[in-house]
Amino acid sequence: MSVLVYAESSEGKFKKVAFEATSYGKKVAEQLGTNLVVLTINADETSELSTYGAEKILSVKNDALKSLNAKVVADVIKQASEKEGASVVIIDSSADGLTVAPMVAVSLNAGFASNVVALPSSASPFVVKRKAFSNKAFNNTEINTTIKVVGLAKNSYGLHENQVSGSSEDFSPSIIESGITSTSIDKTAGAVTIADADIVVSAGRGLKGPENWEMIEELAEVLGAATACSKPVSDMDWRPHSEHVGQTGKPVSANLYIAIGISGAIQHLAGVNSSKVKVVINTDAEAPFFKAADYGIVGDAFEVVPTLIEKLKSFKANNA
Amino acid sequence: MKILVCISHVPDTTSKINFTDGDTKFDTNGVQFVINPYDEFALTRAMWFKEKQGATVTVVNVGNSTTEPTLRKALAIGADDAIRVNAEATDGFFVAKQLAEVVKNGGYDLVLAGKESIDYNGGMVPAMLASILEFNFVNACVGLEIDGTTATISREIDGGKEILSANLPLVIGGQKGLVEEKDLRIPNMRGIMMARKKPLNVVEAIDFNVTTSSSSFEKPAPKGACKMVDADNIDELISLLHNEAKVI
């Protein structure tokens with residue numbers, strides 16, 4: 001018996017969710033009185049995982065897995081689970097994780113709970129708490145099968161250091177045909193993505209026009225944040241669709257979400273509510289977003305944001 | 001081309017979410033149910049294939065008889081016929097198994113579904129369905145063209161977009177971008193009249209043990225009041241974010 005974590009990497013480097021899933025997996029293994037095994041695919045520094053409790057690491061190196069195809073990766077995870085006799089398989093909630101996890105569940109004939117936000121409240125029966133109703137509630141779900149697949153929600157458990165001496169073992173699974181060919185990938189180079197960002201700076205119609213986004217980008221740069229926008233802004237083509245966050249756009253689950261000139265329609269809140277700390281800057285003191293926020297400033301973005309940028313720059317300089 | 005569109009019957013986004021029976025059941029009292037917003041994008045794209053490429057479009061739902069008005073709405077938007085698998089949709093794996101049976105019996109080439117439903121947000125049914133059927137699968141799909149038996153698909157990835165090509169049969173987990181929001185269809189009077197005469201077939205569920213069960217619901221702890229900071233006192237905001245919230 002064991003707990004298996006799939007630690008996702010991109011271009012050889014682990015994503016933050018990989019460390020979060022490993023931290024979580026270590027605790028689940030302790031709860032179940034078993035050991036943790038972490039699977040990596042084409043990752044360079046697998047020893048980094050041992051900072052978060054990975055004793056045994058299965059390292060797959062295979063050029064055929066350079067471009068990640070969900071079906072192929074799911075099959076590799078299945079093979080690793082069978083080899084290690086995993087009773088719990090933990091996968092993160094990145095775009096790839098969300099696609100891979102249900103496939104792993106089917107191939108292992110396992111019950112699957114996604115968007116899990118906490119450690120199992122009980123190991124037998126195995127009960128986990130998950131997000132439901134677009135962040136308006138939680139559902140305690142019991143997984144009844146022998147093997148259980150858990151999809152861990154991003155930023156829900158956090159990173160917990162737990163240094164162990166890890167050992168890495170080469171693992172050479174068989175690689176199945178994917179059936180799908182990737183013809184091109186278009187990624188914004190260098191920019192922080194909404195999915196990876198700890199801080200997201202988001203702006204809405206209150207900015208009056210696309211020409212005013214320079215200060216939003218500058219604020220994001222100072223904070224090392226990703227930029228995002230409300231639905232009307234992307235509908236009017238002020239900003240690209242990929243920046244639209246909310247119910248029908250991208251979900252945001254950041255540590256800090258700063259909303260500037262966004263009133264806070266329920267559909268917007270549904271997509272960003274699971275962020276830990278929300279700051280709202282709006283001229284309208286009655287904007288519904290203030291009710292969902294932790295910190296609020298009633299004021300004109302064109303005055304508040306430039307001041308915020310200056311003050312943050314000196315704060316960063318003093319705290320570097 | 002035979003298209004199957006999977007339709008979830010979900011509470012409208014603005015619904016108040018409450019629970020009854022000691023927080024074990026969702027309280028449907030006063031709740032308006034709608035076609036899952038993600039599924040609407042899939043359905044509208046299917047209508048395009050029907051009109052431009054002569055596809056036939058079937059809609060399917062796994063649920064009890066209370067979901068039929070939602071299927072009728074999909075018929076009013078233009079689907080040719082509907083299937084309801086008569087079972088409570090309690091577990092994603094169970095639903096995927098039922099849908100797989102419908103796909104096998106109907107010989108569909110393309111299955112379109114929203115990438116998740118806005119009630120349980122599991123996001124698992126499309127991928128599970130593809131796995132059970134051993135069909136190709138693309139999730140978070142924001143563009144789909146079909147030429148013969150070849151599909152060109154664009155999907156959203158973390159930080160960008162990827163263009164893929166795959167052969168039918170295919171399962172798609174769709175979202176906005178598959179069609180634009182302004183192109184979503186609202187049933188008109190003629191559509192609603194015609195929908196009454198279109199076939200809505202009820203089939204019984206196949207046996208499959210549920211793999212998960214819901215033990216209870218919780219609402220998030222009430223949030224403390226928003227701390228207001230004066231617009232002239234940005235230093236205080238920075239100090240709160242650094243010392244109290246510890247996020248910068």
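**Figure 1. How much of chain A is buried, and how its fold is built.** In this predicted model, buried residues account for 57% of the 320 residues in chain A. Eight helices and 17 strands make up the secondary structure of chain A. With a radius of gyration of 21 Å, close to the 20 Å that the globule rule gives for 320 residues, chain A is as compact as a globular protein of that length. If you like a bounding box, the C-alpha trace of chain A spans about 60 × 45 × 40 Å along its principal axes. For the contact map, take the contacts in chain A between residues at least 6 apart in sequence: 65% of them join residues at least 24 apart.

**Figure 2. The two domains of chain A.** The domain assignment splits chain A into domain 1 (2-170) and domain 2 (199-319). Their centres, taken over C-alpha atoms, are separated by 32 Å. Six residues from domain 1 of chain A and eight residues from domain 2 of chain A take part in the contact. On the domain 1 side, these are one nonpolar, three polar and two charged residues.

**Figure 3. Chain B on its own.** Here we turn to the partner chain. Chain B has six helices and 15 strands, and 48% of its 248 residues count as buried. The C-alpha trace of chain B spans about 65 × 45 × 40 Å along its principal axes. Among contacts in chain B between residues at least 6 apart in sequence, 70% link residues at least 24 apart.

**Figure 4. The contact between chain A and chain B.** Chain A brings 72 residues to this contact and chain B brings 59 residues. On the side of chain A that touches chain B, there are 33 nonpolar, 27 polar and twelve charged residues.

**Figure 5. A ten-stranded sheet that takes in both chains.** Follow the strands across this open sheet and the order reads β12(A)-β11(B)-β10(B)-β9(B)-β12(B)-β8(B)-β1(B)-β6(B)-β7(B)-β13(B), with mixed pairing. At the edges are β12 of chain A and β13 (200-204) of chain B, each of which pairs on one side only. From one strand to the next, the twist averages 30°. Helix α4 (residues 125-133) of chain B packs on the sheet and touches β1, β8 (110-114), β9 (136-147) and β12 (170-174) of chain B. The direction of helix α4 makes about 75° with that of β9(B).

**Figure 6. Two strand pairs from the ten-stranded sheet.** The pair between the chains is antiparallel: strand β12 (residues 180-187) of chain A is joined by seven bridges to strand β11 (residues 160-167) of chain B. To find your bearings here, look for K187(A), whose bridge partner in β11(B) is G160(B). Within chain B, strand β1 (residues 2-6) and strand β6 (residues 56-63) run parallel and are joined by five bridges. In this pair, V5(B) stands opposite V59(B) in β6(B).

**Figure 7. A six-stranded parallel sheet, also with strands from both chains.** This open sheet has the order β14(A)-β13(A)-β15(A)-β16(A)-β17(A)-β15(B), and the pairing is parallel. Its edge strands are β14 (226-229) of chain A and β15 (227-228) of chain B, each pairing on one side only. Two bridges connect strand β17 (residues 295-298) of chain A with β15(B). One residue to look for is Y295(A), which has K227(B) in β15(B) as its bridge partner.

How values were computed: Residues numbered from 1 in each chain as written. Chains lettered and ligands numbered in written order. Predicted model: local features only at pLDDT ≥ 70, side-chain atom pairs only at ≥ 80, totals over all residues. Contact = placed C-beta atoms within 7 Å. Nonpolar A, V, L, I, M, F, W, Y, C, P; charged D, E, K, R; others polar. Pairing = 2+ DSSP bridges. Helix = DSSP H or I, 4+ residues; strand = E, 2+ residues; numbered from the N terminus. Domains from an automatic or database assignment. Axes fitted to C-alpha atoms, helices over the stretch in contact; angles between N-to-C directions. Rg over C-alpha atoms; globule rule 2.2 N^0.38 Å. Buried ≥ 20, exposed ≤ 12 C-beta atoms within 10 Å, placed from the backbone.
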